Amino acid sequence: MFRSVLVTLAVLAASIFAPSAHAADRLLSAMITCKPEFFTVLQARRGSFAPVRIVPYEWPSNTPHVREAKDVFVEEVTFARPIDVGGLSVLEFSQKTTVQDDGPSDFRWQFEVAASPSDVAELLITQYGAPLKADYRDWVVDSEKVREKSGVSGSLLIEPGEAGATISCRLYKAEAGGFKLPVAAESFGWPQLGPPPLINPNLLMNALAQCRSDFFERLAFDRKAFGKLKFKQESGPYPKGRDHASPLTRVEFQTPVRAWGIELTGYIQRLQMVNGAPGLRWGFQTRENSANLMRVVALRTGSSWEDPQGWSVDFEAEATGYTPSPDLGFDEGFVGCTTPLAAGKEPPKPVDFFRNEDTGKAQ
């Protein structure tokens, strides 16, 4: 919903787009140099972007227990309204850090704008003398001319985007020196749109992977991150083939929550009898299929699954990895646990750890 409104606004803004009518903009001028000084200019102008929504996440292929692996961390910043930057209607900013061998290997940042790649290229050529050339669907810097235009980075790239085009920069470790990307909140201020991110997604997901009871404490600790909710009671078996099950409690998140690169869309919980013994099924709903979910958990825990032996720690991850619980299971769009429930013991109540962030009451 929020995204569709932005795109509609962007189309309206794009309809009045006129490159020749705008003077050079200091922020756009800093952007095309692809130097760390861009963030100083960005922070000086951050008031014009407010209010914003900030969503940090990491790639689902991250393998933190393998030192040689490339791990990618992203922050997306969405604006409540399109922002004019040098004649371009900017909808979103994002930044990405790639980490390898215990340190950053390169940085990338970009604006998403409501204009075609060719219109963006025309503006940059006209206003800034950017030495750009068309390269299939993209526009890249002409390496033969870049020395003549020392203010334009050779890494500047214009590509098709969701609502028009993206303008991006890349800075490699050799060029970066001691530079570190500032967190998005430093550049844009504390987010005022949407729920805040999870405080520590690793602690929450580690507890889930090992089917530990402190998972529910982590949910309560991070409850603000789940934003607005809908509670539902549903009948019918989930999953199929169980001996007996009580109605399913489903908690739907209005805004997906990201952890381990997975978009979590809700939480489910159900009491059930398996082979005559009481048990509790609990965990997250997602937009991923079971194979992808198992792959993410394997990478994040440094483990492998082999049937019928179960989970085992990979050799290269023995120093820091751990295996998931044998009670962890995967279905289409679901990752969670089925754990024994002692006779007479009350199961946790979702209304105790999913609460409205304003009133403190379950929604």
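**View 1. The disulfide of Cys-211 and Cys-337 in this predicted model.** Cys-211 and Cys-337 are joined by a disulfide (a pair of cysteine sulfur atoms within 2.5 Å), and their sulfur atoms lie 2.1 Å apart. The torsion about the S-S bond of this pair is about -90°, so the disulfide is left-handed. Cys-211 sits in the loop between helix 7 (201-209) and helix 8 (214-221), whereas Cys-337 belongs to strand 17 (residues 334-340), so the pair ties together parts that are 126 residues apart in sequence. Helices (H or I, at least four residues) and strands (E, at least two) are DSSP runs, numbered from the N terminus. Both cysteines are buried (under 20% relative accessible area; exposed is over 50% and partly exposed lies in between, with a 1.4 Å probe and protein chains only): Cys-211 has a relative accessibility of 12%, and Cys-337 has 0%.

A word on reading these views: this is a predicted model, where local features need pLDDT of at least 70 and side-chain atom pairs count only at pLDDT 80 or more, while totals for chains, interfaces and linings use all residues. Residues are numbered from 1 along each chain as its sequence is written, and side-chain values use heavy atoms, with hydrogens and water left out.

**View 2. Helix 7, leading up to Cys-211.** Which residues of helix 7 are buried? They are Leu-204, Met-205, Asn-206, Ala-207, Leu-208 and Ala-209. Just after this helix, Cys-211 takes a positive phi of about 55°.

**View 3. The disulfide of Cys-34 and Cys-169.** A search of the whole structure finds two disulfides, and this one has an S to S distance of 2.1 Å. With -70° about the S-S bond, the link of Cys-34 and Cys-169 is left-handed. The pair links distant parts of the chain, 135 residues apart: Cys-34 lies in the loop between helix 2 (26-31) and helix 3 (37-44), and Cys-169 in strand 8 (residues 165-172). Cys-34 is buried at 3% relative accessibility, and Cys-169 is buried at 1%. If you number the bonded cysteines of the protein chain in sequence order, the pairing reads 1-2, 3-4.

**View 4. The open sheet that holds strand 8.** Eight strands make up this open sheet, in the order 1-2-3-4-8-7-6-5, with antiparallel pairing. Two strands pair if DSSP finds at least two bridges between them. Strand 1 (52-58) and strand 5 (132-135) stand at the edges with a single partner strand each, so one side of each has no neighbour in the sheet. On average, neighbouring strands here are turned by 20° against each other, direction ignored. Strands of a sheet pair through backbone hydrogen bonds, either parallel or antiparallel.

**View 5. Strand 4 beside strand 8, with helix 3 on the sheet.** Strand 4 (residues 103-113) and strand 8 run antiparallel and are joined by eight bridges. Here you can find a cysteine from View 3 again: Trp-109 stands opposite Cys-169 in strand 8. Helix 3 packs on the sheet, touching strand 3 (88-100) and strand 4, and its direction makes about 135° with that of strand 3. Axes are lines fitted to C-alpha atoms, for helices over the stretch in contact, and angles run from 0 to 180 degrees between N-to-C directions. Contact means heavy atoms within 4.5 Å.

**View 6. Glu-92 in strand 3.** Is Glu-92 buried or exposed? At 11% relative accessibility, Glu-92 counts as buried. Its side chain joins that of Thr-78 in a polar contact of 3.2 Å. A polar contact is a pair of N or O atoms within 3.5 Å; within protein, one must be able to donate a hydrogen and the other to accept it, and residues adjacent in sequence count only if both atoms are side-chain atoms.

**View 7. Ile-125 in helix 4.** Helix 4 covers residues 117-128 and includes Ile-125. Ile-125 is partly exposed, at 35% relative accessible area. Leaving aside residues up to four places away in sequence, Ile-125 touches Ala-130, Leu-132 and Trp-139.

**View 8. Helix 9 and its two ends.** Asn-289 caps the N-terminal end of helix 9 (residues 290-301), with a side-chain oxygen 3.2 Å from the backbone nitrogen of Ala-291. The buried residues of this helix are Leu-293, Val-296, Val-297, Ala-298, Arg-300 and Thr-301. Gly-302 follows helix 9 and has a positive phi near 65°.

Technical notes:
The expected span of a helix is 1.5 Å times one less than its number of residues.
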